[in-house]
Amino acid sequence: MDLDPQAVRAGAAGLILWGLLDCFFGYRVFKFTVALLGAAAGAVLGHQLFVEVLGLTGDVRWIGLAVGAVIGGVLAFGLYLVGIFILGFSLGFMLAPGLWPAADKPMLLVVGAVAGLVCGVVATLLQRLLVAVGTAWSGSIRVVLGVAFFTDGLDWSYYAVHPQEIGVLLTQRMWMLLAFFALGASGFIAQLMGHRRAKATSKES
C-alpha cells in the first residue's frame, strides 16, 4: 500500500501495541481482536477487488479498502465461530508458506490457502487452546514486523497486503524468527497462567 511516511510510522507503532495486547491478553480481548482481523482481511480483499478485479486505481481504491474493512469487521464480530476460523486461517496463511521459501507467488498463495483452511477448521474444534495459540503468535508477528520497521526499515505495509510471504520473511531473518518464537511462547504461557488464576479465583468465590 502507498502510505505517507507518518502513516507508515504510526502504523508500525500501532502494530507493536496491538501485537503486545493480543500476545499476552489475546483470549480476554478475543472478540475485539476478531473484529480487527476481520476488518484487516476485509480491507485487503476490498482493496484487491477494486484494483485487481475492477481495475480501479487512485483514490477510488481506498473506498474498496474502507468498505471491505467495515464489512469484514462486522461479520467477524457478529459471527464468533467465523472469527475463530479467520484467526486460525490467518495464522496458517502467514506461516506455512515459510516452509517453501523458494516457491513463486502463486504457489505461496496456494500453500497459504490450504494451510489456512486446515488451521481454521482445527481452531473451531479446539477453541480455547487455539485462541490462546493463535493470538499469542499472531500478536508476536505484529510486534516483530513493527519493531523491524524501526530497526531495519522494513516495509510492514507490504506484508499487510501479502501476508502469505511473512513466513518466508521470518526464515530469511533469523533475529525475527527467534523473536517471533520467544515472544509467542511467552505470550502463550502468560495467557494459560492467567486463565488458571481466573479459574482458581472463581472457585474460591
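I began with Leu75 and found its place in helix H3, which spans residues 61-78. The model I am reading is a predicted one, and I keep that in mind throughout these entries.

I then looked up how much of Leu75 is accessible, and with a relative accessible area of 47% this residue is partly exposed, because the class of exposed residues begins only over 50%. Turning to sequence against space, I noted that Leu75 and Ala35 are separated by 40 residues along the chain, while their C-alpha atoms lie 7.9 Å apart.

Next I turned to the rings. How many aromatic pairs does the structure hold? I find five of them. One of these is formed by Tyr158 and Tyr159, whose ring centres are 5.1 Å apart and whose planes stand at 85° to each other, an edge-to-face arrangement. I checked both partners for accessibility: Tyr158 has a relative accessible area of 25% and is partly exposed, whereas Tyr159, at 14%, is buried, because the limit for buried is under 20%.

I also looked up Phe180 and Phe181, whose ring centres lie 5.0 Å apart with an angle of 55° between the planes, so I entered the pair as tilted; edge-to-face would need planes over 60 degrees apart. For the partners of this pair I noted that Phe180 is buried, with a relative accessible area of 3%, and that Phe181 is partly exposed at 46%.

My last entry concerns a charge and a ring: the charged end of Arg142 sits over the ring of Trp18, at 3.9 Å from the ring centre.

Terms used. Residues are numbered from 1 along each chain as its sequence is written. This is a predicted model: local features need pLDDT of at least 70, side-chain atom pairs count only at pLDDT 80 or more; totals for chains, interfaces and linings use all residues. Side-chain values use heavy atoms; hydrogens and water are left out. Helices (H or I, at least four residues) and strands (E, at least two) are DSSP runs, numbered from the N terminus. Buried means under 20% relative accessible area, exposed over 50%, partly exposed in between (1.4 Å probe, protein chains only). Rings of Phe, Tyr and Trp (its six-membered ring) pair if their centres lie within 6.5 Å; planes under 30 degrees apart count as stacked, over 60 as edge-to-face and the rest as tilted. A charge sits over a ring if NZ of Lys or CZ of Arg is within 6 Å of the ring centre and within 35 degrees of the ring normal.
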